[in-house]
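Welcome! Here are some short exercises to work through with the structure in view, each followed by a solution in steps.

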Amino acid sequence: MTPLLSIEGLHTTIRVPGSNGGREHGEVGVVDGVDLVLDAGRTLALVGESGCGKSMLSLAIMGLLPPVARIASGRILLDGLDLASLPASALRAIRGRRVAMIFQDPMTSLNPVLSVGAQIMEAIRVHVPGLDRRALRARAIATMEKARIPNAAARVDAYPHQLSGGLRQRVMIAMALACGPELLIADEPTTALDVTVQAQILGLLRDLQRETGMALLLITHDLGVVAEMADEVAVMYAGRVMEQAPVSAIFDDPQHPYTLGLLGCTPALAMNAGRQRAIAGGVPPLASMPPGCRFHPRCAAALPDCARARPMPRRLGERHLAACLRSPLEASVPAARP
């Protein structure tokens, strides 16, 4: 079966100022040779620390890279159609209709001077021309009801500041689902919400996925959310995918020291008390990535070759890949430098 989304060897770069404040600009890589697969109706969680390239990857899929960034090479196949090679006009026709996205903070994504209904209606109007205002309003209310917004007929005329954080996020979900996309990208959709509202939003996404059959690319740093939502997980570090596997394998049989480190940073999910520790250091700056395996300066299991050779993904089981010279890992391999 052909996957709905297939990312092949994707490289993105951003332009940076030259040295000594000169006019010359250079480029540094952000996403570096990423391969990912997501089947229709499934949820793929993309996890990793801040600065690992997760959001840049999602913006590349949407064709929304900032002006200083570009896709240098690779393909982004949506049901066989290469989004990376499409002109801007063709991408505009696909965004919202086939692929949609919700962001972390709806207050900065919604227009404060327009009612939420007007913003949902505009999302519908772009892809369903010919509807009069009454039909657009009715469809906006129906979409809000689908997103479980109470009393949608009254709230359609509300402004973003008049709604709670949870309701604003539901409005963002309604906008994203207004035209029935095949793929929904959710970039940290619950980070700004309290625990109770977070659970409601995640439950809503699960219900909508069952009802519509859409695929979900969930970007998060919260492994508890991953355990609850994902079918498969891709662990990303410094622009590269370190490990990809079914969610059960990630939690029960992780095969990359970085994955072990992330699990150890989450006490409720750590495999044993000895692994409940932070990973020393941080993600390296874009302009000074280490050679070889980019995680090796922080990895307690690093071999001499890790500083020289980029490890290629090894197949360790059905749909389980890990880019580590030590894979398959011995039980005694430590997660990271304490």
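**Exercise 1: A pair within one helix**

Glu 122 and Arg 125 both belong to helix H4, where they sit 3 residues apart, about one turn of the helix. The model you are looking at is predicted.

Task: Find how close the N and O atoms of Glu 122 and Arg 125 come, and decide what kind of link they form.

Solution:
- Step 1. The closest N and O atoms of Glu 122 and Arg 125 are 2.4 Å apart.
- Step 2. A salt bridge requires such atoms to be within 4 Å, and Glu 122 does form a salt bridge with Arg 125.
- Step 3. Glu 122 counts as partly exposed because its relative accessibility is 40%. Arg 125 also counts as partly exposed, at 37%.

**Exercise 2: Bridges across the chain**

Task: Work out which parts of the chain are tied together by the salt bridge of Arg 240 with Asp 32.

Solution:
- Step 1. Side chains of opposite charge can pair when their charged atoms come close.
- Step 2. In the salt bridge of Arg 240 with Asp 32, the closest N and O atoms are 3.0 Å apart.
- Step 3. Arg 240 is in strand S10 (residues 240-246) and Asp 32 is in strand S2 (residues 25-38), so the pair ties together parts that are 208 residues apart in sequence.
- Step 4. Both Arg 240 and Asp 32 are buried.

Task: Now do the same for Asp 231 and Arg 42, and say whether Asp 231 is buried or partly exposed.

Solution:
- Step 1. Asp 231 and Arg 42 form a salt bridge, with their closest N and O atoms 3.9 Å apart.
- Step 2. Asp 231 lies in the loop between helix H9 (223-229) and strand S9 (232-237), while Arg 42 lies in the loop between S2 and strand S3 (43-47); the pair links distant parts of the chain, 189 residues apart.
- Step 3. With 26% relative accessibility, Asp 231 counts as partly exposed. Arg 42 is partly exposed too, with a relative accessible area of 37%.

The structure holds 16 salt bridges.

**Exercise 3: Two helices that meet**

Task: Describe how helix H4 (residues 116-127) and helix H5 (residues 133-146) are oriented.

Solution:
- Step 1. The two helices pack at an angle of about 105°, and their axes are 9 Å apart.
- Step 2. Angles of 65 to 115 degrees count as roughly perpendicular, so H4 is roughly perpendicular to H5.
- Step 3. Residues of H4 in this contact include Ile 120, Met 121 and Ile 124, and among those they meet in H5 are Leu 136, Ala 140 and Met 144.
- Step 4. By class, the contact of H4 with H5 has 7 nonpolar, 2 polar and 4 charged residues.

**Exercise 4: An aromatic cluster**

Task: Classify the ring pair of Tyr 237 and Tyr 258, then find which residues form one aromatic cluster.

Solution:
- Step 1. The count of aromatic pairs comes to 3.
- Step 2. The ring centres of Tyr 237 and Tyr 258 are 4.6 Å apart and the planes are at 55°, so this pair is tilted.
- Step 3. Tyr 237 is in strand S9 and Tyr 258 in helix H11 (residues 257-264), 21 residues apart.
- Step 4. Tyr 237 and Phe 295 form an edge-to-face pair, 5.2 Å centre to centre with 80° between the planes.
- Step 5. Tyr 237, Tyr 258 and Phe 295 form one aromatic cluster. Tyr 237 is buried at 1% relative accessible area, Tyr 258 is buried at 0%, and Phe 295 is buried at 1%.

Conventions: Residues numbered from 1 in each chain as written. Predicted model: local features only at pLDDT ≥ 70, side-chain atom pairs only at ≥ 80, totals over all residues. Heavy atoms only, no water. Axes fitted to C-alpha atoms, helices over the stretch in contact; angles between N-to-C directions. Helix = DSSP H or I, 4+ residues; strand = E, 2+ residues; numbered from the N terminus. Parallel < 35°, antiparallel > 145°, perpendicular 65-115°, else oblique. Contact = heavy atoms within 4.5 Å. Nonpolar A, V, L, I, M, F, W, Y, C, P; charged D, E, K, R; others polar. Salt bridge = Lys/Arg side-chain N within 4 Å of Asp/Glu carboxyl O. Buried < 20%, exposed > 50% of the residue type's maximum accessible area, 1.4 Å probe, protein only. Phe/Tyr/Trp six-rings, centres within 6.5 Å; stacked < 30°, edge-to-face > 60°.
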